[in-house]
Amino acid sequence: MDIRKSFLDYFQSKGHKLVPSSPLVPDDPTLMFTNAGMVQFKNIFTGEVPIPNPPRATSSQTCLRAGGKHNDLDNVGYTARHHTLFEMLGNFSFADYFKEDAIAYAWEFITSENYLNLPMEKLWVTVHDSDDEAEEIWSRHIAKDRIVRFGDKDNFWQMGDTGPCGPCSEIFYDQGEEHFHSEEDVMGGEGDRFLEIWNLVFMQYERSEDGTLTPLPKPSIDTGMGLERVVAIKEGVLNNYHSSLFMPFLDKIGELVGTPYNFNAVNSASYRVIADHLRSCSFLLAQGVNFDKEGRGYVLRRIMRRAIRHGYLLGLREPFMYKLVDTLVDTMGGQYDYLTSKSEAIKTSMKLEEERFFDTIEAGIKLFNEELKNTSDIFNGEVAFKLYDTFGFPLDLTEDMLREKGIKLDMDAFNAKMDAQKAQSKAGWKGTGDAATTGDFKALKEKFDVNEFVGYSSTTATAKVLALLDENFKETSAIDGKGWVLLDKTPFYAESGGQVGDYGTLVGRGALTPTINVIDTKKFLDMNLSEVEGKLAVGDEVEAMVDQSRAEIEKHHSATHLLHAALRAVLGEHISQAGSLNDDKRLRFDFSHPQAMTDEELQRVEDWVNDKIARAIPRETKIMSVDEAKNSGAMALFGEKYGDEVRVVSFGDASVELCGGTHVNNASQIGLFMITKESGVSVGVRRIEAICGRASVEKVKVLRDEIGHVKEAVKNQNPIAGISKLKEQIKTLKIELQTALSSTKKELSASEVNGVTVIIEEVEAGDIKELIDEAKNKYEAIAIMLFQKKGDKVLLAAGTKNTSVKAGDWIKSIAPIVGGGGGGRPDFAQAGGKDASKIQTALEEAKTYLAEVLEGSN
């Protein structure tokens, strides 16, 4: 039985619209991840957007709980029912039906022989202790002695500290007294005998920041049924991990480990942790989240490294997670096709992250175990910091390891060390982006609906002012200064899809409405509103004119499409867009790729795009259904909201994409395409910046002038030959200068610690990098750090050879003392500081640090 399909079919038969699963990264600044099925409907529940037609929906939503209020990470793998990623089946009513129908629908689906057909004698129901109405309704379906009342802790649901909430009714399945015998295996207990399978939330309130409950405009229904739990019940297993949703992963892990999965084995939890974390990591990577040092990317890294550590416990000593991706695609790719298309990119990102952590995990675990020998009940916070800073162990991974031993961590010491060395914190997430602008948009949309965008075919339009909003987005009849205007039809493109919003002018058709400046254009609830500055009144008729910069914006936008296609042609099909910006002077394109591009690759990409421009490929635009577009091979951005019909923009076979932006009519209009920069944005994400059109013409002029100046400077020689000659002269002068300085150069004082030559001192003259290189050439094993005063500032550098000391770690520890920071390779690192008065203190600390490391390695 396909439970997911059965559920969705049932509710569609009851008039519910099937809504696709929304992205794990929600369009909500208050949430890190989508943690419930109702997240995508939050603004409907609160009344911020109009109720859709029909006013009921159903979905199978992927959810992730690994941070914030809803965090199940600690339990994953150790219980039968907790997961970081799970699917929530849900049905939703937006001010339509309420408790009576919600309960009736749930009961029919659960007990009908056409659907789940669960035995009634196995079912129990809970209601909020104040909800007489829910209890009365349930008593029509189930015996009253199987209805249990609980308080807020169990039967009042809220998504976060604020937002929609209300009493709820939970449906439980009794898995059998014969299987469970603990004191917690009672209704309301923590045991697994009574398994909650469905939560019906009666959405009645909005909770404010001060805790006040305000009735929602109209009560609504939000339900959530755990697919993993129901599948386990129907398959007759007592553990979610033993169902068909997880056993393929456990079997594959057993194959890689060399020992089949055995639930009764001491290490069986490690198999389950890996199986769970494989799903959440793969889905996040497929949806554009990448490993990072903060935010969502850091949560992804925490989950991934937790899985790697459990693989290590099972004896795996090389990357293995990426080898499980094909099994995931076989299991879930049919429902989530983007897993299939992104599988190679997922593998590449996973393998790189695994390689990074396997480089340090063994040394980190060794340090952890050494410290455990000296620990009774509180683990050293400074050691935990070193595990974090040096060996890449996320703090909660160390806490997880300690939890297994029943030992607590000295967090005060950890935090003190973090502050003292100004290291990167684990970056607890507090939201990303600005909170959504609030205003009278809902009322505008209900009154006028979506205004007509005519900008695809024209950059001018005769329009009427339907409504005006002041700077605070409150509706007004007139403005004199800055505000926002809703025109009945508009040629101004609203910022979206990476393309900046249009600006231009509104020219009044009467004496009372002179020229108005249009500063920007944005989209609110699918309405195009332009920000204006001037004097305007509702009812005015105007000539709307887009600025000529639109033509240059279109060139950069079309070039971005060709660039995307070029990257896939040169680097591979794993390339996917991670962000973009197109304005009249440049384009910026972020894309998934594990490493920096070579000069040769950049040249091939640039040549590929210019070749397509030279072919003068005409642009073609078609309107079609989403399925037709995808079947045609059009590229779509994951997480982008598309309507029933989409706009497909193509340049022959070179580029076919879903896009709502404006473009040139022919590729030849783009002009010369020039890549100006390639750089890294975060782990696994690269960025290309480029120019075309008028901007590239101006750039060529500048380059021509610069070359002319260079030729003048080298007396009209070939610029390359002239510069090479100057470099040789500089090299000769530098040798002469060093020779002159060597006569006054201070002889460095060396000592020896555990067979390692140690030099730590301040020097007045010479190049400290060269002094370090000379010393490293002179001694077999050495650790050297030199300081040099430069006015009120300090230069410092460190070098090591044939020793356990890592120069980068050493200098990161010392540089903050002189008010600076820096880093580098294990064998050489340098930094700068702002406080030369602390050099002596830094010298002593450098000696102390070195002594501890060298003695510890002995």
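Is G822 buried, exposed or partly exposed? In this predicted model, the views below start with that residue and then move on to a helix and a sheet.

**View 1. G822 and its surroundings in strand β32.** With a relative accessibility of 36%, G822 counts as partly exposed, because this value lies between the 20% limit for buried and the 50% limit for exposed. The residue sits in β32, which spans residues 821–824. Leaving aside residues up to four places away in sequence, G822 touches I811, K812, A815, Q830 and A831. K834 is 12 residues from G822 in sequence, and their C-alpha atoms are 12 Å apart.

**View 2. The buried face of helix α22 (residues 768–778).** Here you can pick out I768, L771, I772, A775 and K776, the buried residues of this helix. They line one face of α22, since they fall within an arc of 135 degrees when seen down its axis. Among the elements covering them are the strands β29 (756–762), β30 (782–790), β31 (793–801) and β33 (828–833). Look also at the start of α22, where a side-chain oxygen of D767 comes within 2.9 Å of the backbone nitrogen of K769.

**View 3. An open sheet of 3 strands, with helix α17 lying across two of them.** The strand order is β23-β24-β25, with antiparallel pairing. β23 (619–625) and β25 (655–658) are the edge strands, each pairing on one side only. From one strand to the next, the twist averages 20 degrees. Between β24 (residues 645–651) and β25 there are 4 bridges, and S650 has V656 of β25 as its bridge partner. Helix α17 (residues 549–571) lies across β24 and β25, at about 115 degrees to β25.

Terms used
Residues numbered from 1 in each chain as written. Predicted model: local features only at pLDDT ≥ 70, side-chain atom pairs only at ≥ 80, totals over all residues. Heavy atoms only, no water. Helix = DSSP H or I, 4+ residues; strand = E, 2+ residues; numbered from the N terminus. Buried < 20%, exposed > 50% of the residue type's maximum accessible area, 1.4 Å probe, protein only. Contact = heavy atoms within 4.5 Å. Arc of directions from axis to C-beta. Polar contact = N/O pair within 3.5 Å; in protein donor to acceptor, adjacent residues only side chain to side chain. Pairing = 2+ DSSP bridges. Axes fitted to C-alpha atoms, helices over the stretch in contact; angles between N-to-C directions.
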